[in-house]
Amino acid sequence: MSYNKYFIIFSCFFISTLSNAQNVDFSFQNNQLPIDVRAKLLVSQMTLDEKIGQMTSNAAAIPRFKIPKYNWWSEALHGVARNGKATIFPQAIGLGATFDPELVKEMADAISTEARAKFTIAQKKGNYGKFAGLTFWSPTVNLFRDPRYGRGQECYGEDPLLMSKIGVAFVNGLQGDDPNMLKTAACAKHFVMHSGPEHGKLTFNVEVSKQDLNETYFPAFKALVEDAKVEGVMTAYNMVYGKPSVTSEFLIKETLRENWNFDGYVTSDCGAIGGVSGKQGYAKSSLEGASLAIKAGANLNCGSAYKQLKTAVEKGMVTEELINERVIQLFKTRFRLGLFDKNSDHPYTKIGPEHIHSQKHVQLARNIAQKSIVLLKNKNNTLPLSPDIKVPYLTGPFANSNDVLMGSYYGVSPSMVSILEGVTDALSLGTSLNYRTGALPFQINPNPKNWAPNVAAESDAIICVVGTTRYLEGESVDAIASTWGGDKEFLKLPENQIKYIHQLIEKKKDAPLILVIASGGPVSLEGIEEHCEAIMQIWYPGEQGGNAVADILFGKVSPSGKLPVTFPKNTAQLPAYDRYSMKGRTYKYMTKEPMFPFGFGLTYSEAEYKNMSLNAQKLKKKESLEVNLEVANKGDFNIDEVVQLYICPEDTSGGIPLKSLKAFKRISLKKGESKKVSFSISPEELKVINEVGEKVWRKGKYKVVVGNSSPGKLSTKLGAAIPQEAIFQLR
């Protein structure tokens with residue numbers, strides 16, 4: 001063949017290729033077409049390189065399709081995070097303490113409103129970077145199975161039902177209720193067993209019974225997929241049943257896709273696919289690890305391992321058809337977000353900057369913080385204090401700290417309110433407020449001279465703010481003060497704080513000591529609790545935390561938060577931290593008496609539960625349990641009351657829980673007011689999970705208990721209402 005013939009053939013090929021590149025079918029932009037059709041139409045026109053470029057979290061731009069680059073990694077655990085000014089709401093564990101799904105949905109809607117406004121501005125500025133997108137890797141619905149878990153603050157608590165209800169509400173608020181477009185895309189993480197140890201999360205293997213898997217670890221994820229239609233799921237770092245989570249066909253293909261009919265995208269945690277051949281040593285090479293992950297069902301790689309997929313195709317390790325399938329799913333999410341729609345008239349695209357950190361959202365943050373605070377002790381009605389108190393003393397390492405408000409995965413705000421600022425603003429102008437820090441948070445004071453304890457002797461009341469912060473507990477790469485990889489080896493406060501509290505106890509004379517604890521999980525108060533007249537657990541309460549704490553301290557509102565986790569007395573009451581068996585863990589299986597029980601929290605009033613009735617004493621399959629009762633406010637304060645219904649089996653053999661929360665309702669009661677409350681527990685909810693993981697109707701006697709704390713003598717001893725109880729039988 002002559003040179004001219006070669007030139008002609010090459011020229012024809014080049015012109016044909018150029019023509020194909022230019023003649024793009026843009027009908028994928030037509031939002032009247034079904035999402036599946038649009039995604040397939042777009043992906044079918046892409047080259048293999050273009051498709052692979054869409055499978056990492058930092059997705060490449062494709063100019064010929066007018067597709068800008070897009071970074072999938074954004075965070076919104078309790079407000080738009082790591083992306084400039086935004087409203088900071090209370091940390092997730094505080095949201096769990098509200099026991100208020102409707103309020104959490106309202107908050108998540110506010111977060112997504114701010115996110116849409118920020119996204120529009122960022123796009124106009126050409127900011128396509130990390131944390132500036134609409135795909136949020138929130139919420140965390142791993143169970144807070146052990147109080148030593150430093151990232152427990154990211155979870156909603158230790159109960160699967162509470163986790164599910166709050167999580168579904170959060171996803172619904174974030175994703176919106178438009179049938180044709182997602183407001184933003186939520187992502188449930190970390191699927192599925194990922195709650196410590198933090199320092200070993202890249203290597204450890206979890207093998208639990210099918211009973212624990214289905215009773216404890218699956219329910220929240222299942223609810224978010226089936227009930228909330230969550231758009232994304234992130235796999236965990238750790239191995240499950242001997243396989244890295246991101247390569248587990250049991251978790252992704254069988255459970256998510258087939259059993260739960262999940263129709264969203266699956267992403268790895270960051271660097272997890274590389275870890276399959278790295279620290280986990282499960283695959284021989286990163287190429288093999290990437291191939292295993294895409295075969296199992298992971299659409300997106302937060303990391304770089306998927307850049308090798310072209311080599312995997314060339315070597316026959318994966319097919320291009322499989323890549324098509326995974327990329328189509330990714331574009332379905334982007335189409336659902338309306339990112340390629342020509343129509344710019346949709347309300348979500350019209351949300352303006354005036355909604356970012358609006359006064360409405362700031363007030364909402366304050367309201368949520370108020371409802372998240374848990375009053376653990378109030379001896380002789382020490383609280384509320386009068387705003388006209390003459391000489392109050394505010395002290396402690398976090399009394400004037402903004403860090404203690406924020407928690408992990410936080411945003412930034414121009415109007416943070418420390419507890420010192422909140423208390424100062426709440427007090428009468430004639431009050432002589434004293435303030436001293438008194439103690440360094442995580443180390444012994446280098447200077448032995450310290451006048452701060454002596455001020456207690458001159459005070460009418462001492463408010464001491466102690467706790468942890470994200471520096472002591474949290475993700476291992478951020479908890480820079482932690483000596484245990486972000487987790488807590490012990491539950492007690494840092495030694496210097498304990499020392500300072502005892503100095504105040506020694507000096508305070510007759511003034512009441514009010515302990516305000518900021519932390520992401522349980523704190524052991526052995527040797528401290530008995531010396532305090534009042535104790536408040538405030539979690540990490542967000543930007544309005546100082547105002548909310550003052551609102552409770554001085555009686556503007558009555559506390560109404562409830563513990564979403566059990567507070568044990570010490571770590572000796574806990575099973576080994578690295579064991580994922582639920583035996584002895586949480587209120588459902590714990591037989592030792594804790595310091596404070598799950599569901600507990602005092603108000604400034606007295607609730608009375610009475611006149612409970614059941615629809616039947618004996619129930620057959622397919623029959624629901626109907627429970628009716630009255631709740632009365634017998635005190636002098638208007639309150640919110642969290643009415644909790646538990647079911648306790650008479651026969652707990654076979655590993656079933658000692659007690660289980662089956663329903664709850666938050667109600668408002670004015671002083672002297674009484675309300676009727678009704679619950680309907682479906683036949684499915686009356687079933688138990690047996691030892692092989694099956695949900696079964698188990699015949700026998702059960703006790704239904706309705707009150708404002710989990711059942712047990714400790715609850716009433718600490719001041720919870722006397723619950724209503726009744727026996728029924730499943731036939």
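Mentor: Two strands count as paired if DSSP finds at least two bridges between them. Strands (E, at least two residues) and helices (H or I, at least four) are DSSP runs, numbered from the N terminus. The model is predicted, with pLDDT of at least 70 needed for local features and 80 or more for side-chain atom pairs, while totals for chains, interfaces and linings use all residues. Residues are numbered from 1 along each chain as its sequence is written, and side-chain values use heavy atoms, with hydrogens and water left out.

Trainee: Which residue of β7 is the bridge partner of Val240?

Mentor: The sheet is open, with three strands in the order β4-β6-β7 and mixed pairing. β4 (205-206) and β7 (243-244) are its edge strands, each with a single partner, so one side of each has no neighbour in the sheet. β6 (residues 239-240) runs antiparallel to β7, joined by two bridges. The bridge partner of Val240 in β7 is Lys243.

Trainee: In the open sheet with the order β15-β17-β20, which residue of β17 is the bridge partner of Leu614?

Mentor: The pairing in that three-stranded sheet is antiparallel. β15 (607-614) and β20 (674-681) are at the edges with one partner strand each, so each has one side without a neighbour in the sheet. Neighbouring strands are turned by 20° against each other on average, direction ignored. β15 and β17 share six bridges, and the β17 partner of Leu614 is Val627.

Trainee: Asn633 lies in β17; is Asn633 buried or exposed?

Mentor: Asn633 belongs to β17, residues 625-633. Setting aside residues up to four places away in sequence, its contacts (heavy atoms within 4.5 Å) include Ser605, Asn638, Leu669 and Glu673. The scale is relative accessible area: under 20% is buried, over 50% exposed and in between partly exposed, with a 1.4 Å probe and protein chains only. Asn633 has 2% relative accessibility, so it counts as buried.

Trainee: Which residue has its backbone oxygen 3.2 Å from a polar atom of the side chain of Asn633?

Mentor: Lys671 and Gly672 are among the residues that Asn633 touches. The backbone oxygen 3.2 Å from a polar atom of the Asn633 side chain is that of Lys670.

Trainee: How many of the residues of helix α19 are buried?

Mentor: The helix spans residues 545-553, and its buried residues include Asn547, Asp551 and Leu553. What covers them includes α14 (359-372), α16 (419-426), β12 (461-467) and β13 (513-518). The helix is largely enclosed by the rest of the structure because the buried count is nine of nine.

Trainee: At roughly what angle do the axes of α6 and α8 cross?

Mentor: The axes of α6 (residues 160-175) and α8 (residues 219-226) come within 8 Å. These axes are lines fitted to C-alpha atoms over the stretch in contact, and angles run from 0 to 180 degrees between N-to-C directions. The contact involves residues including Met163 and Val171 of α6 and Ala220 and Leu224 of α8. The crossing angle is roughly 30°.

Trainee: How far apart are the C-alpha atoms of His199 and Ile647?

Mentor: His199 lies in the loop between β3 (187-191) and β4, and its 52% relative accessibility makes it exposed. Leaving aside neighbours within four places in sequence, His199 is in contact with Trp484, Gly485 and Asp487. Ile647 is 448 residues from His199 along the chain, and their C-alpha atoms are separated by 37 Å.

Methods
Polar contact = N/O pair within 3.5 Å; in protein donor to acceptor, adjacent residues only side chain to side chain.
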